[in-house]
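Okay, thanks everyone for coming. I'd like to walk you through one model today, so have a look at the screen while I talk.

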Amino acid sequence: MPELPEVQTVVTTLSSHVVGKKIRKVLHVRRDMITPDGFDFAAAIKGRTIESLTRRGKRIVFALDDANRFFIHLGMSGKLTAESAKAPILPHTHLIVDLGQSRQLRFRDPRRFGEIRWLGPTVGDEKMGPEPLVMRASQLAAKLKKTKRAIKNALMDQNVIAGLGNIYVDESLFAAGINPLTLASDLDEDAIRRLTKSIKSTLRRAIRHRGSTLRDYVDANGAAGRFKRLHRVYGRKGEPCAKCKTPIERIVLGGRSTCFCPRCQPL
Ligand SMILES: [Zn+2]
């Protein structure tokens, strides 16, 4: 599932294809992918120019020249691409927008956990937690002291911190030496500082590597090996820890697979 680094890579690679472009026509839209229900999305965006493309958490936010916004969430399997109008239209393509010069913006999502949400003139992120790459430890501390959940579950919550998911939460907790079962409210100042640093370095490292991985992935050139090598604990159950050689353990927490090193991340 795409998390912050993957979504950031989509935004970075897509920007030059869409920013400053006018939406000439909406060639196809699957109505039940749109929130709010029944909103005439095609009519709202037709004729508008895309002024900016940004990321907020895992959302890809389009700002239009009439000050309205919408975002696309990739869900589990969503792919947002700029393609030649001549490229074959693949199954599960839910949005096709004509950007002129034979370019189309396309959103494809076979599993349909993704979403296209109209925001209008609002930003619509009031409840969302801070952006991890620019977050201060004190901001995370303020969120964590309010929750009695396991730190793993707290960090998965987009209202605590934006953009993280299963992979980067496990990786960040490993880098910080924090056990995923630790109660969020039990972390002291030093641990939260370490965690803040680890989240940033883990995400930056993934963003650095994601560009090429994403291209390979889209081209279906079998990037799985390379992708996985980036992870130190995620998906590595039973393999020796990179730091201490203890076998990585896997537990289920909040319904999600959770991998950690019992020695480097003691409870
Ligand atoms: Zn270890």
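Let's start with a question: how many Å separate the centres of domain 1 and domain 2? Taken over C-alpha atoms, those centres are 28 Å apart. Before I go on, keep in mind that this is a predicted model. The split itself puts residues 4-120 in domain 1 and residues 132-260 in domain 2.

So what about the contact between them? Nine residues from domain 1 and 13 residues from domain 2 take part in it. On the domain 1 side, helix α1, that's residues 4-18, gives the most, with five residues. If you sort that side of domain 1 by class, you get two nonpolar, three polar and four charged residues.

Now the sheets. One of them is open, has five strands, and goes β2-β9-β5-β4-β3, with mixed pairing. At the edges sit β2 and β3, the latter being 50-56, and each of these pairs on one side only. Look at β5, residues 69-73, next to β9, residues 115-120: they run antiparallel and five bridges join them. If you want a spot to zoom in on, F71 is opposite R117 in β9. And α1 turns up again here, lying across β3 and β4 (59-64), at about 175 degrees to β3.

Stay with the β2 edge for a second, as I34 sits in that strand, which covers residues 34-35. Buried or exposed, what is I34? It counts as buried, because there are 21 C-beta neighbours inside 10 Å, and the cut-off for buried is 20 or more. Leaving aside neighbours within four places in sequence, I34 is in contact with V29, F39, F41, I116 and W118. There's also a nice long-range pair: I34 and E115 are 81 residues apart along the chain, yet their C-alpha atoms are separated by 6.4 Å.

On to the other open sheet I want to show. This one has four strands in the order β1-β7-β8-β6, with antiparallel pairing. Its edge strands are β1 (25-29) and β6 (79-84), each pairing on one side only. On average, neighbouring strands here are turned by 15 degrees against each other, direction ignored. Inside the sheet, β7 (residues 93-98) and β8 (residues 103-108) pair antiparallel over five bridges, and D98 stands opposite Q104 in β8. Guess who's back: α1 packs on this sheet too, touching β6 and β8, and its direction makes about 35 degrees with that of β6.

Right, the core. Which residues touch the most other members of the largest nonpolar core? Those are I60 and L155, out of 58 residues. α5 gives the most to this core, with seven residues. The core also draws at least three residues from each of the two domains. As a reminder, nonpolar side chains tend to be buried together in soluble globular proteins. As for L155, setting aside neighbours within four places in sequence, its contacts are V160, I161, L164 and V169.

That V169 belongs to α5, where it is buried. The helix spans residues 166-176, and eleven of its eleven residues are buried. Among them are charged ones too, D170 and E171. Right after α5 comes G177, with a positive phi near 70 degrees.

That's my tour, so over to you for comments.

Terms used:
Residues are numbered from 1 along each chain as its sequence is written. This is a predicted model: local features need pLDDT of at least 70, side-chain atom pairs count only at pLDDT 80 or more; totals for chains, interfaces and linings use all residues. Domain bounds come from an automatic or database domain assignment. Two residues are in contact if their C-beta atoms, placed from the backbone, lie within 7 Å. Helices (H or I, at least four residues) and strands (E, at least two) are DSSP runs, numbered from the N terminus. A residue is buried if 20 or more other C-beta atoms lie within 10 Å of its own, exposed if 12 or fewer, and partly exposed in between; C-beta atoms are placed from the backbone. A nonpolar core is a set of buried Ala, Val, Leu, Ile, Met, Phe, Trp, Tyr and Cys residues joined through C-beta atoms within 7 Å. Two strands pair if DSSP finds at least two bridges between them. Axes are lines fitted to C-alpha atoms, for helices over the stretch in contact, and angles run from 0 to 180 degrees between N-to-C directions.
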